[in-house]
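Let's take a friendly walk through this fold, starting with its sheet and ending with its cores. Keep the viewer open as you read.

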Amino acid sequence: MNTTTAVAPLTTQDADALIAAAQRAAEAAGVTISVTVLDAGGHLLAFRRDDRAVLISGETSTRKAFTALQLNAPTADLVDAVQPGGLFHTLPTALDRPLLFIAGGVPVHRDGRLIGAIGVGGGAPEQDHGFATAALETLA
């Protein structure tokens, strides 16, 4: 008998709240960003690119979110893993989009379970990580 308790999925309202929080944090720092939120299956729930952000920041935010989701870890914690001799140095890329090991992608959990991910691109990697992490507080 399966006694697993269901966990509410990440909703579009959650995604909108995450994006708004990341944007507020970035605006306070004077940084223009793109933000992507994916559900647990890797499907796009929401995306927002500031009009002043560079175009590639949108792809970057999506790949950061995808990487955090696939590996269930903040991308900031994975940077060393892709260096020569690192755990993921020879990780094959047989996925529909390549992984991106740059800070700014963070998995989203509810009741200890993975329900999605947020990725932020446009600032320095450390800034992007901070914006994504700050956004998670909206779901706490």
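What follows describes a predicted model.

## The sheet

The sheet is open and built from four strands in the order 2-1-4-3, with antiparallel pairing. Strand 2 (44–49) and strand 3 (105–110) stand at the edges; each has a single partner strand, so one side of each is left without a neighbour in the sheet. From one strand to the next, the twist averages 15 degrees.

Strand 1 (residues 34–39) runs antiparallel to strand 4 (residues 113–121), and six bridges join the two. If you would like to trace the register, S34 has G121 as its bridge partner in strand 4, and T36 has G119 as its partner there.

## Strand 4 and its hairpin

Strand 4 also pairs with strand 3, again in the antiparallel sense and over six bridges. Here V108 is matched with G116 of strand 4. Strand 3 and strand 4 form a hairpin with two residues between the strands, and in this hairpin D111 takes a positive phi near 50 degrees.

How enclosed is strand 4 by the rest of the structure? Seven of its nine residues are buried, so strand 4 is largely enclosed.

## Helices on the sheet

Helix 2 (residues 56–71) packs on the sheet and touches strand 1, strand 2, strand 3 and strand 4. The direction of helix 2 makes about 155 degrees with that of strand 4. Helix 3 (residues 125–136) lies across strand 3 and strand 4, and runs at about 140 degrees to strand 4.

A quick check on the length of helix 2 works out nicely: at 1.5 Å a residue, its 16 residues should span 22 Å, and the end C-alpha atoms are 23 Å apart, which agrees. Just after helix 2 comes N72, with a positive phi near 50 degrees.

## The buried residues of helix 2

Which residues of helix 2 are buried? They are S57, G58, T60, S61, T62, K64, A65, F66, T67, A68 and L69. Between them, the buried residues of helix 2 pack against strand 1, strand 2, strand 3, strand 4 and helix 3.

S61 is a good residue to zoom in on in helix 2. With a relative accessibility of 0%, S61 counts as buried. Leaving aside neighbours within four places in sequence, S61 is in contact with S34, V35, T36, F47, G119, V120 and G121. Two bridged pairs are represented in that list of contacts: S34 with G121, and T36 with G119.

## Nonpolar cores

Nonpolar side chains tend to be buried together in soluble globular proteins. In this model, the largest nonpolar core has 20 residues, of which L18, A22, I33, V35, V37, I118 and V120 touch the most other members. At least two residues of this core come from each of helix 1 (12–29), strand 1, strand 3, strand 4 and helix 3. Helix 1 gives the largest share, six residues.

What does L18 contact, leaving aside its neighbours within four places in sequence? The partners of L18 are L10, V37, V108, I118, A135, L136, T138 and L139. Apart from the largest core lies another, of six residues, among them L38, A65, L69 and A117. Of these, A65 and L69 also appear among the buried residues of helix 2.

Key:
Residues are numbered from 1 along each chain as its sequence is written. This is a predicted model: local features need pLDDT of at least 70, side-chain atom pairs count only at pLDDT 80 or more; totals for chains, interfaces and linings use all residues. Side-chain values use heavy atoms; hydrogens and water are left out. Two strands pair if DSSP finds at least two bridges between them. Axes are lines fitted to C-alpha atoms, for helices over the stretch in contact, and angles run from 0 to 180 degrees between N-to-C directions. Contact means heavy atoms within 4.5 Å. Buried means under 20% relative accessible area, exposed over 50%, partly exposed in between (1.4 Å probe, protein chains only). A nonpolar core is a set of buried Ala, Val, Leu, Ile, Met, Phe, Trp, Tyr and Cys residues joined through side-chain atoms within 4.5 Å. The expected span of a helix is 1.5 Å times one less than its number of residues.
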